[in-house]
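Colleague: I have a model open and would like to learn how to read it. Could you take me through it feature by feature?

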Amino acid sequence: MELSKNTILITGGTSGFGFEFASKLIALGNTVIITGRNARKLEETKQILPGVHIIQSDVSKIYDISSLYDQVIEEFPDLNILINNAGEMRKIFLNEDHDLSDITREIEINLMGPIRMVQEFLPYLKRKPNAAIMNVTSGIALMAFPIAPVYGASKSGLRSYTQSLRVQLKNTNVKVFELVAPGSTTPLNDKFKNDEGFNEKMLMAPDKLIDEAIKGMKNDSYEIYPGLAKVMRIMSRLAPKLLLSQTTKMYEKVVSSI
Ligand SMILES: NC(=O)c1ccc[n+]([C@@H]2O[C@H](COP(=O)([O-])OP(=O)(O)OC[C@H]3O[C@@H](n4cnc5c(N)ncnc54)[C@H](OP(=O)(O)O)[C@@H]3O)[C@@H](O)[C@H]2O)c1
């Protein structure tokens with residue numbers, strides 16, 4: 001698809017992939033709006049990227065999604081691309097006690113957030129001749145990930161939903177993309193840095209990863225697998241038990257070092 005002169009809404013644009021998407025898409029001549037929960041981080045991002053438009057909005061809150069819709073449509077009526085990027089990942093040990101309202105947080109942000117965003121914005125996007133939805137999943141969507149089990153479930157769920165969405169929108173003008181991102185050096189991974197077995201060398205630089213994502217969108221490549229995600233894809237088909245044993249070892253190393 002053409003990736004200039006669009007109006008693009010990116011959830012979670014104050015760091016990591018969302019920030020890289022914003023800066024590269026602005027450089028390509030698009031109007032870009034980013035969201036985030038933290039007003040200070042939004043203002044700081046605006047200082048670094050003066051061309052970006054910022055709106056404080058929490059994708060896990062229904063009210064925030066509907067007021068975001070009203071504001072975006074009012075101020076940016078040319079909106080034609082939605083990038084569902086906002087996400088969170090926590091280590092969770094399921095045999096400890098957890099507050100029932102907190103245990104599902106990644107599902108609310110990473111899965112329910114994009115589903116609700118799509119439902120809210122889709123009727124509007126369908127009216128545009130050149131529209132797209134990009135959902136950011138993860139290589140972890142292809143396997144179980146015991147150290148972050150709710151995150152893993154959220155990303156597998158989002159991958160499944162994205163494939164169904166693509167089928168259902170087949171005869172519309174809305175293209176549905178999935179970025180199956182491998183591990184990357186963004187703040188999302190900071191909490192894993194001191195873990196036994198954590199290898200930063202395995203992580204892809206976010207700017208290179210988003211270059212591949214943008215190239216994939218330009219080529220109408222609906223499932224984009226940058227870097228190691230290509231290997232994860234093959235392994236998930238040919239050796240799923242080996243993948244599970246690797247992620248199990250990762251979990252066991254962390255548990256044994258506590
Ligand atoms: N980094 C990786 O290794 C990796 C690999 C595969 C997939 N991914 C996925 O890529 C996406 C981006 O991750 P990242 O690595 O760039 O993470 P990041 O650097 O931590 O950035 C996350 C962004 O999302 C925002 N955000 C978090 N919760 C939000 C909410 N409820 N509502 C609105 N905004 C929210 C954050 O801002 P606030 O905190 O201010 O809200 C921030 O701008 C996520 O979906 C993640 O799961 C990451």
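**Reading the sheet, the ligand site and the loops**

Modeller: Start with strand β4, residues 81–84, which is covered on both faces. Ile81 and Ile83 are buried on one side, and Leu82 and Asn84 are buried on the other. Keep in mind that this is a predicted model.

Colleague: What is the general idea behind two faces?

Modeller: In a regular strand the side chains alternate between the two faces of the sheet. Now look at β5. Ala131, Ile133 and Asn135 point one way, while Ala132, Met134 and Val136 point the other way.

Colleague: How many of the residues of β5 are buried?

Modeller: 6 of its 6 residues are buried, so β5 is mostly covered.

Colleague: Next, the sheet. What holds strands side by side?

Modeller: Strands of a sheet pair through backbone hydrogen bonds, either parallel or antiparallel. Here, 7 strands form an open sheet, and the pairing is parallel. The order is β3-β2-β1-β4-β5-β6-β7.

Colleague: Which are the edge strands?

Modeller: β3 and β7 (223–224) are the edge strands. Each pairs on one side only.

Colleague: Which strands does β4 pair with, and by how many bridges?

Modeller: Take each side in turn. Strand β1, residues 7–10, runs parallel to β4 and is joined to it by 3 bridges. Strand β5, residues 131–136, also runs parallel to β4, with 4 bridges between them.

Colleague: Which residues stand opposite each other there?

Modeller: Follow Ile81 in β4. Ile8 stands opposite Ile81. In β5, the bridge partner of Ile81 is Ala132. Then move along β4 to Asn84, which stands opposite Asn135 in β5.

Colleague: How many bridges join β6 to the edge strand β7?

Modeller: 2 bridges join them, and these strands run parallel. β6 covers residues 174–179. Leu179 has Ile224 in β7 as its bridge partner.

Colleague: Now the ligand. How do I read what lies around it?

Modeller: List the surrounding residues, then sort them by class. The ligand has 30 residues around it. The closest are Thr14, Ser15, Asn85, Tyr151 and Thr186. By class, the shell holds 10 nonpolar, 16 polar and 4 charged residues.

Colleague: Which helices each supply at least two residues of that shell?

Modeller: α1 (16–27) and α5 (149–168) each do so.

Colleague: Which side chains have polar atoms beside the ligand's oxygen atoms?

Modeller: Here are three. Thr14 has a side-chain N or O atom 2.6 Å from a ligand oxygen atom. For Thr186, such a distance is 2.5 Å. For Lys155, a polar side-chain atom lies 2.8 Å from an oxygen atom of the ligand.

Colleague: How much of the ligand's accessible area does the protein cover?

Modeller: The ligand on its own has 880 Å² of accessible area, and the protein covers 95% of that.

Colleague: Let us turn to single residues. Is Ser57 buried or exposed?

Modeller: Read its relative accessible area. Ser57 has 7%, and the limit for buried is under 20%, so Ser57 is buried. Ser57 lies in the loop between β3 (53–56) and α3 (62–75).

Colleague: Which residues does Ser57 contact, leaving aside its neighbours within four places in sequence?

Modeller: Thr35, Gly36, Arg37, Asp64 and Leu68 are in contact with Ser57.

Colleague: What is a case of a loop residue that is partly exposed?

Modeller: Asp102 is partly exposed, with a relative accessible area of 28%. Asp102 is found in the loop between β4 and α4 (105–125).

Colleague: How far apart are Asp102 and Glu200 in sequence and in space?

Modeller: In sequence, 98 residues; in space, 29 Å from C-alpha to C-alpha.

Colleague: Last topic: backbone angles. Which residues have a positive phi although they are not glycine?

Modeller: Lys5 is one of them, with a phi of about 60 degrees. Asp220 is another, with a phi of about 55 degrees.

Colleague: Where do they lie, and how exposed is each?

Modeller: Lys5 is in the segment before β1. Lys5 is exposed, with a relative accessible area of 77%. Asp220 lies in the loop between α6 (206–218) and β7. Asp220 is partly exposed, at 28%.

Conventions:
Residues are numbered from 1 along each chain as its sequence is written. This is a predicted model: local features need pLDDT of at least 70, side-chain atom pairs count only at pLDDT 80 or more; totals for chains, interfaces and linings use all residues. Side-chain values use heavy atoms; hydrogens and water are left out. Buried means under 20% relative accessible area, exposed over 50%, partly exposed in between (1.4 Å probe, protein chains only). Contact means heavy atoms within 4.5 Å. A residue is near a molecule or strand if one of its heavy atoms lies within 4 Å of it. A polar contact is a pair of N or O atoms within 3.5 Å; within protein, one must be able to donate a hydrogen and the other to accept it, and residues adjacent in sequence count only if both atoms are side-chain atoms. Accessible areas come from the Shrake-Rupley method with a 1.4 Å probe; for residues, only the protein chains shown count as cover. Ala, Val, Leu, Ile, Met, Phe, Trp, Tyr, Cys and Pro count as nonpolar, Asp, Glu, Lys and Arg as charged, and the others, Gly among them, as polar. Two strands pair if DSSP finds at least two bridges between them.
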